[in-house]
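Welcome! Here are some short exercises, each with a worked solution, to help you find your way around a new protein. Take a look at the model, then try each task before reading on.

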Amino acid sequence: GENAEAWAWLGEAEQQTGLTNGGHMELEKALELKPDSPTVRGLRGLYFQRSGNFRQALTEFQAAAALEPENPTWLVSVGESYSKNGDLIRALESYQGATMLAPDDPKYWRLLATFCAQNNINIKDVGLHAARQAMILSKQDATSVDLLGWLLLLDGSYEGSERMLKRALELDSQDASVHLHLGMLFLQMNNRASAYDHLIHSRDLGNSDAEAILKLYFP
């Protein structure tokens, strides 16, 4: 009964399954028992994030990051919360901080590059560098190659984008994201037939973004 982490995980389980009060009572109990636990503060952050209370989520993730400053995962969560609160500058700084803590882990470079791509910010000076670092650290990973292709597309470097995306397709021909980005690229290049083929393939692999683009450009 005095195990704060157990209370926090119970709260997480109840929110995930939609039971009783959704985990709020258990997470409050966990905080009462051990406010200096990064696990407790992190799970509380997830709870508030899913509830749409992004300000409180940010507070919890900041507390977790302060308690466990060498854990890059908390900085990613802080960055995501800043982004949800509309503060893209601090969000970017947090994602960059995560890569500084784990410079040899391609996951954090991918997350930084993806943040830049999704928000269409700092593509040239931050996003492309991050995507290249991710690919260097995981050369045979289709996700990293695809990500670099996407950033090159956003930067207007169509030739380089096509080269990267086709390489990603060689690594994984059933990657819905690669087909999506090839479809987007060919739309920009006014090659509608190829764009349509890749978007159809991406949609059939379950990508909802491809479906939305198809409805917009191929009604």
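**Exercise 1. Two neighbouring helices**

Is the crossing of α6 and α7 left-handed or right-handed?

*Solution.* Keep in mind that the model you are viewing is predicted.

- Step 1: Find α6 at residues 88-101 and α7 at residues 106-119.
- Step 2: Look at their axes, which come within 8 Å and cross at roughly 160 degrees.
- Step 3: Angles over 145 degrees count as roughly antiparallel, and α6 and α7 are therefore roughly antiparallel to each other.
- Step 4: Now for the hand: α6 and α7 make a left-handed crossing.
- Step 5: To see the contact itself, pick out L88, A91, L92, Y95, Q96, A98 and T99 on the α6 side. Their partners in α7 are Y108, W109, L111, L112, F115, C116 and N119.

**Exercise 2. One serine in α6**

Decide whether S94 is buried or exposed, and list what S94 touches.

*Solution.*

- Step 1: Locate S94 within helix α6.
- Step 2: The relative accessible area of S94 is 8%. Buried means under 20%, so S94 is buried.
- Step 3: Leaving aside residues up to four places away in sequence, S94 touches L75, V78, G79 and Y82.

**Exercise 3. The whole protein**

Work out how many helices and strands the protein has, and how many of its residues are buried as a percentage.

*Solution.*

- Step 1: Count the elements: there are 13 helices and 0 strands.
- Step 2: For the extent, the C-alpha trace spans about 60 × 35 × 30 Å along its principal axes.
- Step 3: Of the 219 residues, 46% are buried.
- Step 4: Consider contacts with a separation of 6 or more: residues 24 or more positions apart account for 47% of them.

**Exercise 4. A mostly covered helix**

Describe α11 from its start to what follows it, and say what covers its buried residues.

*Solution.*

- Step 1: Helix α11 runs over residues 176-188 and has 13 residues. From first C-alpha to last it reaches 19 Å, close to the expected 18 Å.
- Step 2: At the start of α11, look for D175, where a side-chain oxygen reaches to within 2.9 Å of the backbone nitrogen of S177.
- Step 3: Check burial along α11: 10 of its 13 residues are buried. Among them are H179, H181, F186 and L187.
- Step 4: The cover over these buried residues includes α9, α10, α12 and α13.
- Step 5: After α11 comes N190, with a positive phi near 60 degrees.

**Exercise 5. The pair α12 and α13**

Find the crossing angle of α12 and α13, and name residues that meet between them.

*Solution.*

- Step 1: The axes of α12 and α13 cross at roughly 140 degrees and come within 8 Å.
- Step 2: The crossing of α12 and α13 is left-handed.
- Step 3: In α12, the residues that meet α13 include R192, Y196, L199 and I200. On the α13 side, those met include A210, I213, L214 and Y217.

**Exercise 6. Helix α4**

Which residues of α4 are buried, and which helices do they pack against?

*Solution.*

- Step 1: α4 covers residues 54-67, and its 14 residues reach 20 Å, close to the 20 Å expected.
- Step 2: The buried residues in α4 are A57, L58, E60, F61, A63, A64 and A65.
- Step 3: The buried residues of α4 pack against α3 (38-51) and α5 (72-84).

Technical notes: Residues are numbered from 1 along each chain as its sequence is written. This is a predicted model: local features need pLDDT of at least 70, side-chain atom pairs count only at pLDDT 80 or more; totals for chains, interfaces and linings use all residues. Side-chain values use heavy atoms; hydrogens and water are left out. Helices (H or I, at least four residues) and strands (E, at least two) are DSSP runs, numbered from the N terminus. Buried means under 20% relative accessible area, exposed over 50%, partly exposed in between (1.4 Å probe, protein chains only). Contact means heavy atoms within 4.5 Å. The expected span of a helix is 1.5 Å times one less than its number of residues. A polar contact is a pair of N or O atoms within 3.5 Å; within protein, one must be able to donate a hydrogen and the other to accept it, and residues adjacent in sequence count only if both atoms are side-chain atoms. Axes are lines fitted to C-alpha atoms, for helices over the stretch in contact, and angles run from 0 to 180 degrees between N-to-C directions. Angles under 35 degrees count as roughly parallel, over 145 as roughly antiparallel, 65 to 115 as roughly perpendicular and the rest as oblique. A crossing is left-handed if the near helix is turned anticlockwise from the far one by less than a right angle, and right-handed if clockwise.
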